[in-house]
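This briefing goes through one protein model by topic. Please keep the sequence and the 3D view at hand while reading.

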Amino acid sequence: MRLLKTDQYKLIEANDIPTPFPQYAILSHTWISPKDEITYQDFKQRKSDIENDIFKQRGWAKLRKYCDRAAKDGWEWAWMDTCCIDKTNPADTQEAINAMFRWYQNAGICYAYLSDIDVDQVVGHLGLVDFDLDDIASRDNVADPMSFPHRALRAFLIKAKWFTRGWTLQELLAPPHLVFVDQAWRRIGTRESWSDEIKEASRIEARHLTNFSPTDFESCSIAMRLSWASRRQTTVEEDETYSLLGLFGISLPLIYGEGRWRAFNRLQRELIMVYNDDSIFAWKFGQSTNGRSTRLQQKAAHEHGRGILAPSIREYWDASNIEASGFHGSSFSMTNKGLEINAKRWRRKDDPSSCLIHLNCRYEGSNHLVIPLELVNDTYDRIQLDEIYDTTIITPDEWKEESSKEPAIIQASNYSHVITSSSIFALKYPEQITIGKKYFADYSTEIVDTRLKLFDESGSNRQGLTKDELIVQPNRLVFINVEFRDEVVQDASQFDVVINLSKRSFPSVGILPRWKEPWKRLRDPLDQENSGIYEQLADHLHYKVERDPGYPVIAAADENEEAVVSILLLPRPRQQRPLQRTADKANFAASREYVLNIRVQQGGDQDRCAPEHSSKRRRLGE
C-alpha cells in the first residue's frame with residue numbers, strides 16, 4: 001500500500017513507509033476524467049511537468065488540495081486511488097480491489113469529496129465561505145439539521161453525483177469516520193449528521209452507516225446490499241461487480257473483458273458457496289435497467305428457460321426492504337445441473353408441474369417470500385420473473401405442501417446474451433424503384449403467430465426516423481413491397497425485399513420476385529388467399545436462416561433477365577436524432593443501424609447479367 005506525504009505532495013512506495021504502519025487519511029471521490037487525474041505512471045514519468053503546472057493541472061490541483069485538507073486536520077499520510085495504485089500492473093490492481101474495503105476500514109478519516117457542491121453559492125451571503133461548516137460555534141453549524149446551512153445544502157447533497165457511482169458505496173460504509181467536503185475542500189458535516197439525506201439518496205438506513213459488517217446478514221441481507229448498488233454506475237462494466245466484493249467480505253479474480261453478466265454471475269455463485277442467505281434469489285424484473293424500457297424487461301420476464309440467478313444487479317431494484325429471517329430450515333448449493341435447494345415447497349393441485357419454493361427472507365413486516373417454479377424435464381425453471389410473492393398467496397384449495405424431502409434442482413442461468421435491441425434499416429434506391437407497403441411476421445412470442453400484419457409506420461416508434469428508415473424488432477421478418485419500372489420496355493415488375501432479424505439481432509436480407517413460382521403472390525399480401533402464401537414463405541425464410549443464413553440478393557425483372565434488381569446491406573455508425581422522449585433515446589442508443597441499398601442493372605442481352613460482365617452494363621442508383 002503506497003501513501004502520499006501530505007506536506008510534500010510526494011508518493012511514497014510501500015517499502016519506504018515507516019513501521020509501524022502510520023495512520024492515514026483516505027479519499028472517496030468521483031474522477032474528473034482518466035485524462036485529468038494524476039496516475040502512478042504520471043508520478044514516475046512526468047513529476048517535473050506536473051509540479052511546473054504544464055501537465056494535468058486540474059488533477060494536480062485536486063491532489064494538492066486534498067493533501068492540504070488532510071494536513072490541516074493533522075494527517076501526515078494520505079491515500080488516493082488515482083495515484084496510489086499502479087493500474088498498468090494487473091497484480092497491483094487485483095490486490096487493491098480485493099483489499100479496498102479493508103483499506104477504507106483501517107483509515108483514520110475518510111474525506112468524501114463532493115465536487116458538485118459549492119458552499120459559496122448556497123450560504124455565501126452568511127459570510128461563512130472561509131469556514132468549515134461543522135466548526136462553527138453558533139446555530140449555523142451544519143451538524144444541526146435545523147440550521148440554515150443544513151437545510152440549504154440538503155437538496156444539493158441528495159443529488160450529488162457521488163451517490164450514483166459504484167465504488168463510493170463501500171467507501172460510504174467502510175470508514176469509521178467519514179466527513180463530506182465541498183468543491184473548495186471545506187468540511188460540510190459527517191456521514192452521521194447527513195443520515196436522513198443519505199437514506200433518501202441511497203436507500204441506506206442510518207443504522208447501517210455506523211454498524212455495517214460485511215458478514216452480518218441478519219441485520220443486512222444480501223438482497224438489501226445489492227439493492228443499494230442497483231442504481232449505481234461504473235465506468236468499466238465489470239467494476240459494477242468488483243466494487244461490491246468488500247461489502248460481502250469475499251475475493252474474486254479480476255477478469256476484465258468478461259463483461260457485466262459473467263462478472264455478476266461469478267459473484268452470485270461465490271456468495272451461494274460461502275453464505276446461507278437465500279435472499280440472493282429475491283430479485284425481479286420490473287424497473288428500467290441501464291436505460292432500457294420496462295416493456296422489454298417484462299417481455300423477457302415471461303420467456304421460458306430462465307434460471308434462479310439474476311442477470312444483473314439491476315434486478316434487485318425493489319429489495320431495499322428485504323431482510324433475512326433465519327438461516328435454518330433450508331440449504332442450497334450450486335451443482336453442474338443448477339441450484340440444488342432443500343426447502344419447503346408447495347405444488348399446484350391442477351398443474352403438478354408448477355410449484356412455489358419457500359425462502360427464509362421477507363419484506364420488512366410481511367410474510368416469508370416464495371418464488372414460482374415450473375418443472376421442465378428433471379429440473380425447474382424460475383417463471384414470472386417480474387413477480388415475487390409471499391406465503392399469503394398459498395391457499396389449501398390451490399396448493400398442497402410436499403412431504404418429500406427430495407431437493408429441487410433449479411436451472412442456474414442462461415442469461416449470457418444481453419437482452420437484444422431493435423435495428424434501424426435505411427433504404428436507398430434509384431428513381432426506377434417505388435417503395436410500397438411493408439408487412440411483418442412476428443416470431444418473438446412462445447405461441448408463434450406468423451399471421452402477416454401491416455408494418456406500423458406511424459406513432460411514437462417513428463420519432464426521429466426519416467420516411468425511408470424503419471425500425472425492426474428482434475425475431476421479426478419484414479416484407480417490403482417494391483416495384484421496378486423499366487422505362488425501356490414500359491413495364492413494371494414487383495419484388496419483395498426481405499429483412500429477417502434473428503432473436504439475437506443478426507440481420508439477413510434478400511430480394512424475391514413476386515411473379516415467380518412457387519411463391520407467386522401478386523395480390524394484396526393481406527388478402528385472405530394470398531396471405532397464406534406469404535405466411536408460408538415467411539416461415540420458410542425465417543427458419544431457413546438457422547441452417548442457411550444466405551438469401552438471394554439478385555433478382556431478374558423478367559424471364560429474359562434484361563434488367564436485374566439487387567440489394568446490399570452495410571452497417572453504418574449510429575446517427576444523431578432529434579429525440580425528446582427518454583425511452584426513445586434509450587432504445588435508439590442501443591440500436592444497430594444499417595443501410596439497405598436497392599440497385600438496378602440494365603443491359604441489352606442476357607450474357608451481360610453475369611457477374612463477370614457487370615462492368616459493361618449501365619448501373620443506376622449508386
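Does K284 count as buried or exposed, and at what relative accessibility? K284 counts as buried, because its relative accessibility is 14% and the cut-off for buried is under 20%. The model is a predicted one. In the protein there are 17 helices and 28 strands, and 53% of the 622 residues are buried.

**Overall make-up**

- The secondary structure comes to 17 helices and 28 strands.
- Of contacts between residues at least 6 apart in sequence, 65% join residues at least 24 apart.

**Surroundings of K284**

- K284 sits in the loop that runs between α14 (259-274) and α15 (294-301).
- A polar contact of 3.1 Å links the side chain of K284 with the side chain of D318.
- With neighbours within four places in sequence left aside, the residues in contact with K284 are E315, W317, D318, Y363, R382, L385, D386, E387 and I388.
- Two of these partners belong to strands described further down: Y363 is in contact with K284 and falls in β12 (residues 351-363), while R382 is in contact with K284 and falls in β14 (residues 379-382).

**The seven-stranded sheet**

- Seven strands make up an open sheet with mixed pairing, in the order β2-β1-β4-β3-β5-β6-β7.
- The edges are held by β2 (10-12) and β7 (187-190); each has a single partner strand, so one side of each has no neighbour in the sheet.
- From one strand to the next, the twist averages 30°.
- At the β7 edge, β6 (residues 178-181) and β7 run antiparallel and are joined by two bridges.
- V179 has T190 in β7 as its bridge partner.
- Helix α5 (residues 90-106) lies across β3 (25-28), β4 (77-79) and β5 (109-113), and the helix runs at about 125° to β3.

**Helix packing: α7 and α9**

- Two packed helices are described by the angle between their axes and the distance between the axes.
- For α7 (residues 148-158) and α9 (residues 195-202), the axes come within 9 Å and cross at roughly 25°.
- The two helices α7 and α9 are therefore roughly parallel to each other, since angles under 35 degrees count as such.
- Their crossing is right-handed.
- On the α7 side the residues that meet α9 are H150, R154, L157 and I158, and on the α9 side they are E197, E200 and A201.

**Helix α11**

- Helix α11 (residues 222-229) is mostly covered, with eight of its eight residues buried.
- The buried residues of α11 are I222, A223, M224, R225, L226, S227, W228 and A229.
- The cover over these residues includes the helices α8 (168-173), α9, α10 (206-209), α13 (245-248) and α14, along with strand β8 (322-324).
- Helix α9 thus has two roles in this account: α9 crosses α7, and α9 is included in what covers α11.

**Strand β13 and its partners**

- Strand β13 (residues 368-376) is mostly covered, with seven of its nine residues buried.
- Strand β12 (residues 351-363) runs antiparallel to β13, and six bridges join the two.
- H358 has V370 in β13 as its bridge partner.
- The hairpin of β12 and β13 has four residues between the strands, and G365 in the turn has a positive phi of about 85°.
- Strand β14 (residues 379-382) pairs with β13 in the antiparallel sense over four bridges, among them the one between V376 and T379.
- Two residues lie between the strands in the hairpin of β13 and β14, where N377 takes a positive phi near 60°.
- Strand β15 (residues 389-390) also pairs with β13 in the antiparallel sense, over two bridges.
- V370 has Y389 in β15 as its bridge partner; V370 is also the partner of H358.

**The β23-β24 hairpin**

- Strand β24 (residues 507-513) is mostly covered, with six of its seven residues buried.
- Strand β23 (residues 491-501) and β24 run antiparallel, joined by seven bridges.
- L501 stands opposite P507 in β24.
- β23 and β24 form a hairpin with five residues between them, and S505 in the turn has a positive phi of about 65°.

Definitions and conventions
Residues numbered from 1 in each chain as written. Predicted model: local features only at pLDDT ≥ 70, side-chain atom pairs only at ≥ 80, totals over all residues. Heavy atoms only, no water. Pairing = 2+ DSSP bridges. Axes fitted to C-alpha atoms, helices over the stretch in contact; angles between N-to-C directions. Contact = heavy atoms within 4.5 Å. Buried < 20%, exposed > 50% of the residue type's maximum accessible area, 1.4 Å probe, protein only. Polar contact = N/O pair within 3.5 Å; in protein donor to acceptor, adjacent residues only side chain to side chain. Parallel < 35°, antiparallel > 145°, perpendicular 65-115°, else oblique. Left-handed = near helix turned anticlockwise from the far one by under 90°.
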